[in-house]
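Please open the structure in your viewer and keep the selection panel at hand. The tour below proceeds stop by stop, stating what to select and what is found there.

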Amino acid sequence: ARRPEVHLTLTVGLHCGPLVVGVQRSAGKTFTWDIYGEPVHAVSAVMVATSRGKVSLTEAYVVKLQEAIAGTTAWVEIVGPIEVTLTDKVPMVMYDLCATQVAGRTDPYTIWEAKVSDNS
């Protein structure tokens with residue numbers, strides 16, 4: 001039997017910055033955890049403002065991405081800045097990722113291969 005095709009549309013918001021993870025023991029041996037900090041709120045806001053099927057980046061993430069790929073053959077096409085107003089009337093700048101080329105491959109959304117990380 002042939003499997004039906006499944007079409008999946010992802011919407012991605014990326015941000016970087018310091019955060020705190022809190023772990024608590026609940027009943028028995030089970031642990032619960034939560035993530036706190038400005039990056040959590042920023043990426044949540046980006047997700048709300050991002051169009052369906054897009055990859056959106058905060059300004060902080062764009063800076064880290066540019067640092068990570070500087071001096072390599074990788075490139076990214078970023079559209080922006082795009083100014084959005086959050087629900088609490090706070091303005092925010094974000095960018096849309098349009099295309100990348102990493103390791104000789106050109107296609108949208110291979111951004112994870114650029115290995116952007118914050119080691120500080």
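What percentage of the 120 residues of the protein count as buried? The value is 24%. Please bear in mind throughout that this is a predicted model.

**The whole chain**

Begin with the entire protein in a cartoon view. Two helices and seven strands are present, and along the sequence they follow the pattern β-β-β-α-β-α-β-β-β. Now switch to a surface view. The accessible surface comes to about 8600 Å², and carbon and sulfur atoms contribute 56% of it. With regard to contacts, consider those with a separation of 6 or more: residues 24 or more positions apart account for 52% of them.

**Strands 1 and 4**

Select residues 12-14, which form strand 1, together with strand 4. The two run parallel and are joined by three bridges. To locate one pairing, select V12, whose bridge partner in strand 4 is V55.

Next, show the side chains of residues 55-58, which make up strand 4. Which residues point one way, and which the other? V55 and L57 point one way, whereas S56 and T58 point the other way. This can be compared with a general rule: in a regular strand the side chains alternate between the two faces of the sheet. In strand 4, the residues on both sides are buried.

**H15 and its surroundings**

Select H15, in the loop between strand 1 and strand 2. Is H15 buried or exposed? Its relative accessible area is 18%, and buried means under 20%, so H15 counts as buried.

Display the side chains around H15. A polar contact of 2.5 Å links the side chain of H15 to that of T58, a residue already seen in strand 4. A further polar contact, of 3.4 Å, joins the side chains of H15 and E38. Beyond its neighbours within four places in sequence, H15 is in contact with E38, P39, A42, V43, T58, A60 and Y61.

**The hairpin of strands 2 and 3**

Move on to strand 2, residues 20-25. How many of its six residues are buried? The number is zero, so strand 2 lies largely in the open.

Add strand 3, residues 31-36, to the selection. Strand 2 and strand 3 run antiparallel and are joined by six bridges; V23, for example, has W33 as its bridge partner in strand 3. The two strands form a hairpin with five residues between them. In the turn, select G28, which has a positive phi of about 75°.

**A nonpolar patch**

Remain in this region and colour L19, V21, V23, F31, W33 and I35 on the surface. These residues form a nonpolar patch with about 610 Å² of accessible area together. Strand 2 and strand 3 are the elements that give two or more residues to the patch. Which element provides the largest share? Strand 3 does, with three residues.

L19 belongs to the loop between strand 1 and strand 2. Its relative accessibility is 44%, so L19 counts as partly exposed.

**A cis peptide bond**

For the final stop, select strand 5, residues 75-85, and find P81 within it. The peptide bond between G80 and P81 is cis, with an omega of about 10°.

Conventions. Residues are numbered from 1 along each chain as its sequence is written. This is a predicted model: local features need pLDDT of at least 70, side-chain atom pairs count only at pLDDT 80 or more; totals for chains, interfaces and linings use all residues. Side-chain values use heavy atoms; hydrogens and water are left out. Buried means under 20% relative accessible area, exposed over 50%, partly exposed in between (1.4 Å probe, protein chains only). Helices (H or I, at least four residues) and strands (E, at least two) are DSSP runs, numbered from the N terminus. Two strands pair if DSSP finds at least two bridges between them. A polar contact is a pair of N or O atoms within 3.5 Å; within protein, one must be able to donate a hydrogen and the other to accept it, and residues adjacent in sequence count only if both atoms are side-chain atoms. Contact means heavy atoms within 4.5 Å. Patches are made of residues with over 30% relative accessible area and no salt bridge: like charges are joined within 9 Å, nonpolar side chains (Val, Leu, Ile, Met, Phe, Trp, Tyr) within 5 Å. Accessible areas come from the Shrake-Rupley method with a 1.4 Å probe; for residues, only the protein chains shown count as cover. A salt bridge is a side-chain nitrogen of Lys or Arg within 4 Å of a carboxyl oxygen of Asp or Glu.
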